[in-house]
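Biologist: I would like to go through this model term by term. For each label, please give me the value and the cut-off behind it.

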Amino acid sequence: MLKKGKRLLALLLVVVFAGSLLLSGCAKKSQPAPQAGAGDQKAKFKIAALLPGPINDGGWNASAYDGIQKAGKELGAEVVYRESVPQSDFEEAFRAYASQGYNVIIGHGFQFGDAAKKVAKEFPKTTFLITDSNISQDPNVGSYSVLAKQAGFLGGALAALMTKSNKVACVGGLSIPPVTDTIEGFKKGVKYVNPKVTPLTAITGSFEDVAKAKETARAFIDQGADIMMHNADQAGLGVIQAAQEKKILAIGVIKDQSGIAPDTVFVSAYRNIADGIVYMIKQVQQGQFKAQFYPLGVKQDVVGLYWNDKLKDKVSPEVKTKIDQIIKDLKDGKIDIDKLPE
């Protein structure tokens, strides 16, 4: 009996000891984890972007994707995006990212403005940036534009300097400010260089209909246009295709588009949306952001021309000298596009 009692006591001690270990382990796991930003850790800056179209469009949405990726690398930030966001989902998308603690949320297009202003009231610590708009709302909604009118002006001026038929053309997608500004700038650039040149322009009503843009471009080429430009996002590929098939020169937009048709796109009137995005995000991260409109152009080196080296023999030194002077005059404020007659 004594031996049995000793065994029972030993067994009870083992059970009690094991239970104490288990309870000790549970207590450790219940301790709160260190918060982000505590101690030596630093809360990561977080960037989100809402895009109206796909990131593989080779233009508008692709440039925004490039911008947030570049900002992520340069600033050591966490980056997310949502592409092809329908207008009915704007508010929900803004609210979702703001609820997750993103520092900056970009609505890539003026159409995101109303939704941003509404949601921003609920999240005063989040900065909302709207592209190609001039809206603002204290304390946390601002807008910026990499000036489409300047890019269109450079494209039009160059087209007028290069044409042999005295007819050039520009095809737009949707009738929205970035597109209408491009076309207005194009027409003014043409007339600034040579009033005898006729600028043919049209808006197809679509950023996705490549066939319609191509058909419009062909019609202009049939009317004698020998230089083609566009601002039609994905549909702009149709304009380049039409120029390629008719063996005339084309001007790319937003990004360097010479890779699409190396024997056709001799220059791209770029709007460096990517660097514009990086510029704006730095304003926020460095505490310099104000709820206002930021116009960004040749002065900030985010508007200009990318030349296709493969076709450099198509452009005479005289033409390059003249276009370089126009860029300088824009930077110096000697040319005010808004004050020029169409």
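Modeller: Start with burial: a residue is buried when its relative accessible area is under 20%, exposed when it is over 50%, and partly exposed in between. By that cut-off, buried residues make up 49% of the 342 residues in the protein chain. The model is a predicted one, and its chain has ten helices and twelve strands.

Biologist: Why is K149 called buried?

Modeller: The relative accessibility of K149 is 17%. The limit for burial is under 20%, so K149 counts as buried. This lysine is in helix α5.

Biologist: What makes up the surroundings of K149, leaving out residues up to four places away in sequence?

Modeller: A contact requires heavy atoms within 4.5 Å. K149 meets that with D181, E184, G185, I337 and D338. I337 is 188 residues from K149 in sequence, yet their C-alpha atoms are 7.8 Å apart. In the protein chain, of the contacts between residues at least 6 apart in sequence, 68% join residues at least 24 apart.

Biologist: Why are K247 and D301 given separate labels, one exposed and the other partly exposed?

Modeller: K247 has a relative accessible area of 76%, and exposed means over 50%, so K247 is exposed. D301 has 47%; that value falls between the limits of 20% and 50%, so D301 is partly exposed. K247 is in the loop between α8 and β9, and D301 is in the loop between β11 and β12. Phi is near 60° in K247 and near 60° in D301, a positive value in a residue other than glycine.

Biologist: What makes the peptide bond from D138 to P139 cis?

Modeller: Its omega is near 0°. P139 is placed in the loop between β4 and β5.

Biologist: How do you know that the buried residues of α3 are on the same side of that helix?

Modeller: The buried residues in α3, which spans 90-99, are F90, A93, F94, Y97 and A98. They cover an arc of only 130° around the axis, which puts them on the same side of α3. An α-helix has 3.6 residues a turn, so residues three or four places apart point the same way. The buried residues of α3 pack against β1, β2, β3, α4 and β4. After α3 comes G101, with a positive phi near 85°.

Biologist: What makes a set of residues a nonpolar core, and which members of the largest one touch the most others?

Modeller: The members must be buried nonpolar residues joined through side-chain atoms within 4.5 Å. The largest such core has 64 residues, and I106, F266 and I281 touch the most other members. Helix α5 gives the most to this core, nine residues. Apart from it lies another core, of 20 residues, including F90, A93, F112 and F128. As for F266, beyond four places in sequence its contacts include L158, M162, W307 and L311.

Biologist: What makes a space in the model a cavity, and how many of 30 Å³ or more are there?

Modeller: A 1.4 Å probe must fit there but be unable to get out. The count is one cavity of 30 Å³ or more, and the volume of the largest is about 40 Å³. Its lining consists of A151, G152, T182, M229, N231, V253, I254, A269 and R271. The elements giving two or more residues to that lining are α5, β8, β9 and β10. By type, the lining has five nonpolar, three polar and one charged residue. Gly counts as polar here.

Definitions and conventions: Residues are numbered from 1 along each chain as its sequence is written. This is a predicted model: local features need pLDDT of at least 70, side-chain atom pairs count only at pLDDT 80 or more; totals for chains, interfaces and linings use all residues. Side-chain values use heavy atoms; hydrogens and water are left out. On a 1 Å grid over the protein atoms alone, a cavity is a set of points where a 1.4 Å probe fits but cannot get out, and a pocket is an open set with protein on both sides within 12 Å along at least five of seven lines; lining residues have an atom within 4 Å of a point. Grid points are joined across faces, edges and corners, and a volume is the space filled by probe spheres set on the points. Helices (H or I, at least four residues) and strands (E, at least two) are DSSP runs, numbered from the N terminus. Buried means under 20% relative accessible area, exposed over 50%, partly exposed in between (1.4 Å probe, protein chains only). The arc is that of the directions from the helix axis to the C-beta atoms.
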